[in-house]
Amino acid sequence: MRLAAPFERAAGSVQRVGRVALFFAQVLGQCGPALAQPRYIVQQIYNAGARSLVIVMLCGLFVGMVLGLQGYNLLQRFGSESALGVAAALGLVKELGPVITALLFAGRAGTSLTSEIGLMRATDQLAAMEMMAVDPLRRVVAPRFLGGVIAMPLLTAIFDGIGIYGSQLVGVGLLGVEPGSFWSQMQSAVESRDINEGLVKSLCFGVACSLMAVYQGYHAEPTAAGVGLATTRTVVISAVLTLLLDYMLTAAFL
Amino acid sequence: MNSNDPRAAAPEPPRTVVDVRDVHYAVAGRPPVFQGVSLTAERGRITAIMGPSGTGKTTLLRLMMGAIRPQRGSISVFGREVAALGRRELYAMRRRVGMLFQNGALLTDLDVFENVAFPVREHTRLPEPLLRRLVLMKLQAVGLRGAAGMMPSTLSGGMARRVALARAIVMDPEVLVYDEPFVGLDPISMGVILRLIQALNATLGITSIVVSHDVRELAAIAHQSYLLSGGRVAAAGTPAELSAAAAPVVRQFMSGAADGPVPFHYPAPDYHAELLREGSPA
């Protein structure tokens, strides 16, 4: 029995991954038909994206300001504080922007998606759709998944922009870095492949976080406790997936 | 009648719309829900499926609608075996059936109008003015045209049930399935739903299957009744026949007696023995 337990746990984990993969394939299969009704996707971009704007902008500003302080402190030791713009931009565009936006997305939009779909399950709304011959994967899940995937790169771009503004605010406005060198060095050092890296990361994080949110909601136990548990799982698994994917993508881009 | 009359050639649709035969169903690790249930619902009639709570009435509806499959036996709807239907065929069958859920199951992010319009928008390309007329007509039929702009969260239980009924009939189904339509309703709302079920059956000829444990209400409207108990059909017949039945379980259910074949107490060890055991020192 004791020997069998770890194997059973491992088999259970493989089964769970398989179920998520199968669900992902089903959702992808419904994305085409869902695109035929773009108003539902636009509505979900608003829900997942526009409603996350305030928190993303606020966090972007503070992360950029901290980056300005820390970057200045570090670069000053080597007498190269004029490179603050490059350091902040590369740090934000390649790493901090996509990762922190994904974590914020999981906490704000992801939990909202999970609890909404979970409650629809608990109150028979999904069953009612099934009985009306309407596939909930097409009508409910696919638009929310696509909305999240589309919203993530947009939120990341906004986070990056506000973050760079925050670091400029501290570096140039407070600590006296030369504005010309701040912007010109950034312009010459940041290449399109850096921006592409950030874009690819944010898209991958968007897929992972949105998939996890809709999967957990769709398979939530139809009780108050079940929906709560599913919401917690969304945040935890999305955060771990984001960091794991970040490592793999960073290694791939090097 | 003239032999060239096209009406003479048209075959009459079969009388039996839903045919449940010797159905066995169990969920793993639990006592069996059904052990050989057989019943039929005939075209244009109101069929009542009654039984104490927990006898699997809603499960039977889910089996009929193809949401779950029986381990044994067959269920055919419109002459087709439900378990053998593919997803597309199953959805085609469901488009001919309207279902009223116990709690209404209205979509909470849509207002009353959009809830009723939902199936029409999903399945047709009806022009907006026509859609509007259709939805208002159905809302008028359930007496809630004035509530078209309200959100589901602001409706009372009875109103939500009536909106769900308007949604269930908006696609003009041949069969209407009601899952516990009277639960939690005040006498006025209950009377309204009762009259609507009767009116839809009488005026549109809709075949109705009503699952409930409200004996008196069902007896007033049903043409045929089935009483489920212990995973089987304990009695079948008209409401009058059920009332006159001698079987103890039927008599207990029809009279509402607290104890009988369906015991008041859930199975438990002897009460005195348990109290004495708790009281004795360890």
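In this predicted model, the mean pLDDT of the elements of chain B is lowest for helix α1 (residues 6-9) of chain B, at 52, and highest for α4(B), at 94. Where pLDDT is low, the predicted coordinates should not be read in detail. Over the whole of chain B the average pLDDT is 85, and 94% of the residues score at least 70. For the complex, the predictor reports a pTM of 0.84 together with an ipTM of 0.80.

The contact between the two chains involves ten residues from chain A and 13 residues from chain B. On the side of chain B that touches chain A, the elements that contribute two or more residues are α3 (87-94) and α4 (112-123) of chain B. When the residues on this side of chain B are sorted by class, eight are nonpolar, three are charged and two are polar.

Within chain B, the domain assignment distinguishes domain 1, which comprises 12-96 + 173-279, from domain 2, which comprises 111-172. The C-alpha centres of domain 1 of chain B and domain 2 of chain B are 27 Å apart, and the contact between these domains draws twelve residues from domain 1 of chain B and eleven residues from domain 2 of chain B. Helix α7 (residues 187-204) of chain B supplies five residues, the largest share of the side of domain 1 of chain B that touches domain 2 of chain B. By class, this side of domain 1 of chain B consists of eight nonpolar residues, two polar residues and two charged residues.

Conventions
Residues are numbered from 1 along each chain as its sequence is written. Chains are lettered from A and ligands numbered from 1 in the order in which they are written. This is a predicted model: local features need pLDDT of at least 70, side-chain atom pairs count only at pLDDT 80 or more; totals for chains, interfaces and linings use all residues. Two residues are in contact if their C-beta atoms, placed from the backbone, lie within 7 Å. Helices (H or I, at least four residues) and strands (E, at least two) are DSSP runs, numbered from the N terminus. Ala, Val, Leu, Ile, Met, Phe, Trp, Tyr, Cys and Pro count as nonpolar, Asp, Glu, Lys and Arg as charged, and the others, Gly among them, as polar. Domain bounds come from an automatic or database domain assignment. pLDDT is the predictor's confidence in each residue, from 0 to 100.
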